[in-house]
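This report accompanies the sequence and structure shown below. It is intended to be read alongside them.

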Amino acid sequence: MENGGHQVAMVLIVIMSLWLAWDGVEAGVSCAAVRSSLAPCVGFLLGLKEHPPARCCRGVRSLYAMTKSSRQYRITACSCITSLAASVPSQLKASSVAALPKSCGVRLSYQITPSTNCNRIG
């Protein structure tokens, strides 16, 4: 009986491990990854710097690369960005937010604002 309980526990551990691994693949892009990618951009987005720093642009390009393969990833990243922007709208410099992708060599088919409807992006 004790050995049977041990086997059931092992099977459950394997199933949970596979489920967590699958969930991580499905999640693709997280808000934590978005925040981490954009953290070096704060000075530029607040209008404290004239140009985005190299670390910021690396983060922007990395985020773009993470979302390139999946519309759902783009929607998730967009939702995270608009949420972040909406939480501090009066502190962000709108022109810097709008210029960030292009300043870092990334072309988006939509603009990121607190009012962007992320479900409509391609």
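The sections below treat the overall fold, selected interior residues and two surface patches.

## Overall architecture

The model described here is predicted. The protein contains six helices and zero strands, so that its pattern along the sequence reads α-α-α-α-α-α. Of its 122 residues, 28% are buried. The exposed area of the protein is about 8200 Å², and 60% of that area comes from carbon and sulfur atoms.

Contacts between residues at least 6 apart in sequence are weighted towards long separations: 76% of them join residues at least 24 apart. Several of the residues discussed below illustrate such pairings.

## Helix α4: Leu-63 and Thr-67

Leu-63 belongs to helix α4, which spans residues 54-67. Its relative accessibility is 6%, and because buried means under 20%, Leu-63 counts as buried. Outside the four places on either side of it in sequence, Leu-63 is in contact with Val-29, Val-34, Ser-37, Leu-38, Ala-77 and Ile-81. One of these partners, Val-34, is 29 residues away in sequence, yet the C-alpha atoms of Leu-63 and Val-34 are 6.7 Å apart.

Thr-67 is likewise part of helix α4. Thr-67 has a relative accessible area of 7% and is buried. Beyond its neighbours up to four places away in sequence, Thr-67 touches Val-29, Tyr-73, Arg-74 and Ala-77. Val-29 and Ala-77 thus appear among the contacts of Leu-63 and also among those of Thr-67.

## Helix α2: Ser-37

Ser-37 lies in helix α2, which covers residues 31-38. The side chain is that of a serine, and Ser-37 counts as buried at 10% relative accessibility.

Leaving out residues up to four places away in sequence, the contacts of Ser-37 are Cys-56, Gly-59, Val-60, Leu-63 and Met-66. Helix α4 comprises residues 54-67, so these contacts of Ser-37 fall within the range that defines that helix.

## Helix α5: Ile-81 and Thr-82

Helix α5 runs over residues 71-87 and includes Ile-81. Ile-81 has 18% relative accessibility and counts as buried, since the limit for that class is 20%. Setting aside residues up to four places away in sequence, Ile-81 touches Val-34, Leu-38, Leu-63 and Ile-112. Ile-81 and Arg-35 are separated by 46 residues in sequence, with a C-alpha to C-alpha distance of 8.0 Å.

Thr-82, also in helix α5, is buried with a relative accessible area of 10%. Apart from neighbours within four places in sequence, Thr-82 is in contact with Ile-112, Thr-113, Pro-114, Thr-116 and Cys-118. In addition, the C-alpha atoms of Thr-82 and Asn-117 are 8.9 Å apart, although the two residues are 35 apart in sequence.

## The segment after α6: Ile-112

Ile-112 is located in the segment that follows α6 (94-103). With a relative accessible area of 13%, Ile-112 is buried.

The contacts of Ile-112, not counting residues up to four places away in sequence, are Cys-78, Ile-81, Thr-82 and Val-97. Ile-81 and Thr-82, among them, lie in helix α5. Between Ile-112 and Ser-79 there are 33 places in sequence and 9.5 Å in space, C-alpha to C-alpha.

## Surface patches

Two surface patches complete the description. Lys-49, Arg-55, Arg-58 and Arg-61 form a positive patch. Of these residues, Arg-61 is found in helix α4. Arg-61 is partly exposed, at a relative accessible area of 40%; this helix also holds the buried residues Leu-63 and Thr-67.

A nonpolar patch of about 280 Å² is made by Val-42, Leu-46 and Leu-48. Val-42 is placed in helix α3, which comprises residues 42-45. At 43% relative accessibility, Val-42 counts as partly exposed, because that class lies between the 20% and 50% limits.

Conventions:
Residues numbered from 1 in each chain as written. Predicted model: local features only at pLDDT ≥ 70, side-chain atom pairs only at ≥ 80, totals over all residues. Heavy atoms only, no water. Patch = residues over 30% accessible without salt bridge, like charges linked within 9 Å, V, L, I, M, F, W, Y side chains within 5 Å. Areas by Shrake-Rupley, 256 points an atom, 1.4 Å probe, with all protein chains shown as cover. Salt bridge = Lys/Arg side-chain N within 4 Å of Asp/Glu carboxyl O. Lys, Arg positive; Asp, Glu negative; His and termini not counted. Charge placed at Lys NZ, Arg CZ, Asp CG, Glu CD. Helix = DSSP H or I, 4+ residues; strand = E, 2+ residues; numbered from the N terminus. Buried < 20%, exposed > 50% of the residue type's maximum accessible area, 1.4 Å probe, protein only. Contact = heavy atoms within 4.5 Å.
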